[in-house]
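Work through the three exercises below with the sequence and the model at hand. Try each task before reading its solution.

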Amino acid sequence: MPEFRLYNTLTRRVEPFAPVDGQTVRMYTCGPTVYNAAHLGNFRTFLFEDLLRRTFRLAGWSVEQIMNLTDVDDKIIRKAQANGQNILEVTEPYTELFHKDRRYLRIEDAEGYPKATEHIPEMIALVERLVANGVAYVADDGSVYFAIDKFADYGKLSQLDKREVKSGARVAQDEYAKENAQDFALWKSAKPEDEATGAAWDSPWGRGRPGWHLECSAMAMKYLGETFDLHAGGIDLIFPHHEDEIAQSEAATGKQFARCWCHGEFLLTDGAKMAKRVGNVANVVELREQGISGTVYRHFVFNAHYRKQLNLGEDSLEQSRAAVNRIGAFARRLTEATGGTPALADAATRAEKAFLEALFDDLNAPEAMAALFTFITEANRELDAGGSDHGALERARAAFRFMDAVLDLVPEQESDGELAAWVEERLAARKAARERRDFAAADAARAELTARGILIEDGPDGTRWRRG
Ligand code: AMP
Ligand code: ZN
């Protein structure tokens, strides 16, 4: 088996990676802030982490993955206040939606999804430890700050230029720019809106709530230990979030926090950071509505290396749709075949090897997918040739299963019922659009139907459709 290598943000190098106990990769992945639907950019990061954990299993390791759910923060409180709700009423439906969307994209269950609001005592204990160690101090209003000049390693992850550090100056927001590296809030004294929305707890420093960075340190150490193998997230989290996690954790324990840090690049829309709707696909809900399966989005994401920016465009989703259809057709063909040729077995062995080498080389998913498609081409040629070698056919099936256990790209075979329901829904949308004389929307609905090979015919007694 080739050596497993990963890019470590801490060292800025691709390095050999293995879990410290040789058996279980203990990994922490920063999860969503559940105050709205996670967008496809967030899911690019979660898919990269899904790929990581599945690839770890190929290496023979088991995985203990913890993904937190941020269910208390500035944005959640603002929304709760605007709606006259408490924070739980805001976060519960979005937590449910997150899991639903994640399943649609076939993102495997992590071993745990701890919530920030359920770990307040652990966070308070961590702050107490930092105060006791002399690296945190209580401000006049009862907030507690981390003193960055008391932690010599501050800035080691983001390679912060020390001159940019303004020790003594304070920042209370959770997010701030590198130029403003300052003492950051571990614990924020309660404001009226925190009390009004159920976002305030008792603490040794009075009523208050945790800072965002603190939750990840407290929960990672609770579930994975003070030192664990890997910490991952999107590239925007390097500073300040992960830098502050390191500071809080290592200043408390005196031990290394995460051994390796991995960051996925951003999903862009027309060259800009994905923040809001662009084109007509921004969320999983929209993928669903447009009949774009989770496998199509998986393919689209894995087609780019995780450390490269990726631009979301409709064309590329169309190409991914064609690619997963090809994979689906091949899967069916392998199931139905009755025999193969010796060359089929050779192709299977070559494919497995190339696949493994690509993924173990810093998770090179595009190259791994290329190995899969080369295999499909070669195997189709061999299956065309006929052959009655059952062993060879079994080798091919095993190789395909081996690769698909990681990529998970075989589209569900759409039942006629599901297709019909989707077509009826789109026809109703088209009819409604016409009735309100929104012809652009009506044409768009028709185009979606045509794109999936559905022919429609308007007649005196309504619209009829058939597969083209
Ligand atoms: P948030 O809910 O904002 O904390 O983000 C959840 C995860 O999504 C984090 O790991 C972010 O780094 C990541 N993320 C946010 N925006 C994007 C994007 N446009 N592309 C890829 N990952 C993103
Ligand atoms: Zn985090």
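Buried area is the accessible area, taken with a 1.4 Å probe, that two parts lose on being put together, summed over both. The model is predicted, so local features need pLDDT of at least 70 and side-chain atom pairs count only at pLDDT 80 or more, while totals for chains, interfaces and linings use all residues. Residues are numbered from 1 along each chain, chains are lettered from A and ligands numbered from 1 in the order written, and side-chain values use heavy atoms, without hydrogens and water.

**Exercise 1.** Describe how domain 2 and domain 3 meet.

Solution. Step 1: locate the parts. An automatic or database assignment sets the domain bounds, and the chain is divided into domain 1 (5-264), domain 2 (268-407) and domain 3 (420-467). Step 2: find the distance. The C-alpha centres of domain 2 and domain 3 are 31 Å apart. Step 3: count the residues in contact (heavy atoms within 4.5 Å). Domain 2 gives four residues and domain 3 gives four residues. Step 4: state the area. About 320 Å² is buried between domain 2 and domain 3, with 40% of it on carbon and sulfur atoms. Glu289, Gln290 and Gly291 supply 73% of what domain 2 buries against domain 3.

**Exercise 2.** Identify the protein donors of the zinc ion (ligand 2) and the parts of the chain that Cys30 and Cys216 tie together.

Solution. Step 1: list the donors (N, O and S atoms within 2.8 Å of the metal, or 3.2 Å for Na, K and Ca; water is not among the atoms, so sites may look incomplete). They are Cys30 (SG), Cys216 (SG) and His241 (NE2), at 2.0 to 2.2 Å from the zinc ion. Step 2: read the spacing, which is C-x185-C-x24-H. Step 3: place the cysteines, using DSSP runs for helices (H or I, at least four residues) and strands (E, at least two), numbered from the N terminus. Cys30 is in the loop between strand 3 (24-29) and helix 1 (40-58) and Cys216 is in helix 6 (residues 212-224), so the pair ties together parts 186 residues apart in sequence.

**Exercise 3.** Which residues touch the most other members of the largest nonpolar core?

Solution. Step 1: define the core as buried Ala, Val, Leu, Ile, Met, Phe, Trp, Tyr and Cys residues joined through side-chain atoms within 4.5 Å. Buried means under 20% relative accessible area, exposed over 50%, partly exposed in between (1.4 Å probe, protein chains only). Step 2: of its 79 residues, the answer is Phe56, Leu230, Tyr297 and Phe375. Step 3: helix 12 (residues 365-384) gives the largest share, 10 residues.
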